[in-house]
Amino acid sequence: MPPTFSAPSKIHKRKKYKKQLGSSSVLIGDVDCTEEDARPLCEQFGIQGYPTIKYFVDGDTTTGEDYQGGRDFESLKRHVVDNLEVKCLVSNPSEGCTEKEIGYITKMKGKTADDWKKQLDRLDGMKGGSMKPELKQWLVQRLNILKQLDSGASEEL
């Protein structure tokens with residue numbers, strides 16, 4: 001998820017969210033951009049106003065994406081659950097994966113690493129498009145599965 005770049009008056013609220021949004025696959029951080037030692041980090045990410053919420057996906061540590069949703073707890077939680085949280089692990093699909101995801105894992109395990117890469121590229125290209133929320137969620141789920149398969153194949157080499 002973020003870090004959230006903020007001024008001191010906003011940090012107490014963020015700490016509450018950190019506890020409630022906690023997830024084994026989502027890390028939430030908070031940076032006080034008014035602190036001297038934090039300014040280089042805030043400048044690196046182009047932080048000009050507070051609070052600014054950025055989230056980082058797919059190992060991106062260079063730019064992050066600006067969070068544009070609501071600032072209330074329910075909006076933040078929905079964003080985490082729908083877009084960031086990894087619930088289905090290819091290494092243990094019987095725990096946390098839906099039947100649809102298990103079917104996709106089985107199907108994709110029968111394919112080659114090149115096939116996974118092609119699917120990753122195709123689905124990644126669709127991320128920015130307009131689609132119904134349930135289709136967007138299925139797209140994110142498939143991307144998660146393919147990334148796990150692809151990283152597992154890379155680690156075995």
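Helix 3 has 12 residues, which at 1.5 Å a residue should span 16 Å; its end C-alpha atoms lie 15 Å apart, in agreement with that expectation. The model is a predicted one. In this model the protein chain holds 6 helices and 4 strands, and helices 3, 4 and 5 receive most of the attention below.

**Overall composition**

- Read from the N terminus, the elements of the protein chain follow the order β-α-β-α-β-β-α-α-α-α.
- Of the 157 residues in the protein chain, 34% are buried.
- The protein chain has an accessible surface of about 9700 Å², and carbon and sulfur atoms account for 51% of this area.
- When contacts between residues at least 6 apart in sequence are considered, 58% of them join residues at least 24 apart.

**Helix 3 and the loop before it**

- The buried residues of helix 3 are Leu76, His79, Val80, Val81 and Leu84.
- Gly70 sits in the loop between strand 4 (65–66) and helix 3 (73–84).
- The relative accessible area of Gly70 is 29%, which means that this residue is partly exposed, since the partly exposed class lies between 20% and 50%.
- Apart from neighbours within four places in sequence, Gly70 has contacts with Ser75 and Leu76; Leu76 is itself one of the buried residues of helix 3.

**Helix 4**

- Glu101, Tyr104, Ile105 and Met108 are the residues named as buried in helix 4.
- Viewed down the axis of helix 4, these buried residues fall within an arc of 105°, so they line one face of the helix.
- An α-helix has 3.6 residues a turn, so residues three or four places apart point the same way.
- The face of helix 4 turned away from the buried side carries the exposed residues Glu99, Thr106 and Lys107.
- Thr106 belongs to helix 4 and has a relative accessibility of 56%, so it counts as exposed, the cut-off being over 50%.
- Thr106 and Val90 are 16 residues apart along the chain, and their C-alpha atoms are separated by 9.5 Å.

**Helix 5**

- Helix 5 comprises 14 residues (residues 113–126), so at 1.5 Å a residue it should span 20 Å; the distance of 20 Å between its end C-alpha atoms agrees.
- Trp116, Leu120 and Leu123 are the buried residues of helix 5.
- These three cover an arc of only 80° around the axis and therefore lie on the same side of helix 5.
- Asp114, Lys118 and Gly125 are exposed on the other side of helix 5.

**Packing of helix 4 against helix 5**

- The axes of helix 4 (residues 99–109) and helix 5 come within 11 Å and cross at roughly 130°.
- The two helices are therefore oblique to each other.
- Helix 4 contributes Tyr104, Met108 and Lys109 to the contact, and helix 5 contributes Trp116, Gln119 and Leu123.
- Among these contact residues, Tyr104 and Met108 are buried in helix 4, while Trp116 and Leu123 are buried in helix 5.

**Asn144 in helix 6**

- Asn144 is located in helix 6 (residues 133–156).
- With a relative accessibility of 15%, Asn144 counts as buried, because the buried class takes in values under 20%.
- Leaving out neighbours within four places in sequence, Asn144 is in contact with Val86 and Cys88.

Note on methods: Residues numbered from 1 in each chain as written. Predicted model: local features only at pLDDT ≥ 70, side-chain atom pairs only at ≥ 80, totals over all residues. Heavy atoms only, no water. Expected span 1.5 Å × (residues − 1). Buried < 20%, exposed > 50% of the residue type's maximum accessible area, 1.4 Å probe, protein only. Arc of directions from axis to C-beta. Contact = heavy atoms within 4.5 Å. Areas by Shrake-Rupley, 256 points an atom, 1.4 Å probe, with all protein chains shown as cover. Axes fitted to C-alpha atoms, helices over the stretch in contact; angles between N-to-C directions. Parallel < 35°, antiparallel > 145°, perpendicular 65-115°, else oblique.
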